[in-house]
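Please look over the sequence and the structure shown here before reading on. The report moves from the whole chain to a helix, a set of paired strands and a surface patch.

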Amino acid sequence: MTTLLTNCKNYGINTVFFQVRSMCDAMYASSYEPWNVYLTGNRGGNPGWDPLAYCIEQCHARGMQCYAWINPFRFASSESAYNNYNTSRDQALKNAGWLIHCAPTGGSNETYILNPANASAMYRIRNVCKEIARYA
């Protein structure tokens, strides 16, 4: 990440969009979401550091802005991923009945999302966003 941010600065980039929530997971120490699988190779595996805090710190040290990018609804983008997401936090979402399965007409992508019509799911998304905003 250090090299990427340094390269961004050297190319004259002044703003970084850092995806911190891609599939009901986190690139930061979340009290709601499991750690992102890309950090350790294991969904829910603690990397031992906070990528969002580090990214913000390093962006500011380079005079750059850092924006948190989230996918508010997506849980999984395939049946396989859905079946493999088995942290206790994943199971809680599955058991709560907040997820819906979307299979686009004519498409092959199957997606599982938090149901935008479910008030409890929307409350959770709001809390996740508030948690992320505290990094500012």
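## Overall build

Of the 136 residues of the protein, 40% count as buried, in what is a predicted model. The protein holds six helices and five strands, and their order along the sequence gives the pattern α-β-α-α-β-β-α-α-β-β-α.

Taken along the principal axes, the box filled by the C-alpha atoms is roughly 45 × 35 × 30 Å. When contacts between residues at least 6 apart in sequence are considered, 57% of them join residues at least 24 apart. The protein exposes about 7600 Å², and carbon and sulfur atoms supply 52% of that area.

## Helix α3 and its ends

Helix α3 covers residues 51–61, and its buried residues are Pro-51, Leu-52, Cys-55, Ile-56, Gln-58 and Cys-59. These buried residues pack against elements from several parts of the sequence, namely α1 (2–10), β1, α2 (37–40), β2 (65–70) and α6 (119–133).

At the N-terminal end of α3, Asp-50 acts as a cap, with a side-chain oxygen that lies 3.1 Å from the backbone nitrogen of Leu-52, a residue that is itself among the buried ones of the helix. After α3 comes Gly-63, whose phi is positive, near 75°.

## Strand β5 and its partners

Strand β5 spans residues 111–114, and its side chains alternate: Thr-111 and Ile-113 point one way, whereas Tyr-112 and Leu-114 point the other way, and all are buried.

Two strands pair with β5 in the antiparallel sense. Strand β3 (residues 74–76) does so over two bridges, and here Ala-76 stands opposite Tyr-112. Strand β4 (residues 99–102) is joined to β5 by four bridges, again running antiparallel, and in this pairing Ile-100 stands opposite Ile-113.

## A nonpolar patch on the surface

Which residues make the nonpolar surface patch? Phe-17, Tyr-67 and Trp-69 make it, and the patch has an area of about 360 Å². Phe-17 has its place in strand β1, which covers residues 15–21.

Phe-17 counts as exposed because its relative accessible area is 58%, and the cut-off for that class is over 50%. The strand that carries Phe-17 is also one of the elements against which the buried residues of α3 pack.

Technical notes:
Residues numbered from 1 in each chain as written. Predicted model: local features only at pLDDT ≥ 70, side-chain atom pairs only at ≥ 80, totals over all residues. Heavy atoms only, no water. Buried < 20%, exposed > 50% of the residue type's maximum accessible area, 1.4 Å probe, protein only. Pairing = 2+ DSSP bridges. Patch = residues over 30% accessible without salt bridge, like charges linked within 9 Å, V, L, I, M, F, W, Y side chains within 5 Å. Areas by Shrake-Rupley, 256 points an atom, 1.4 Å probe, with all protein chains shown as cover. Salt bridge = Lys/Arg side-chain N within 4 Å of Asp/Glu carboxyl O. Contact = heavy atoms within 4.5 Å. Polar contact = N/O pair within 3.5 Å; in protein donor to acceptor, adjacent residues only side chain to side chain.
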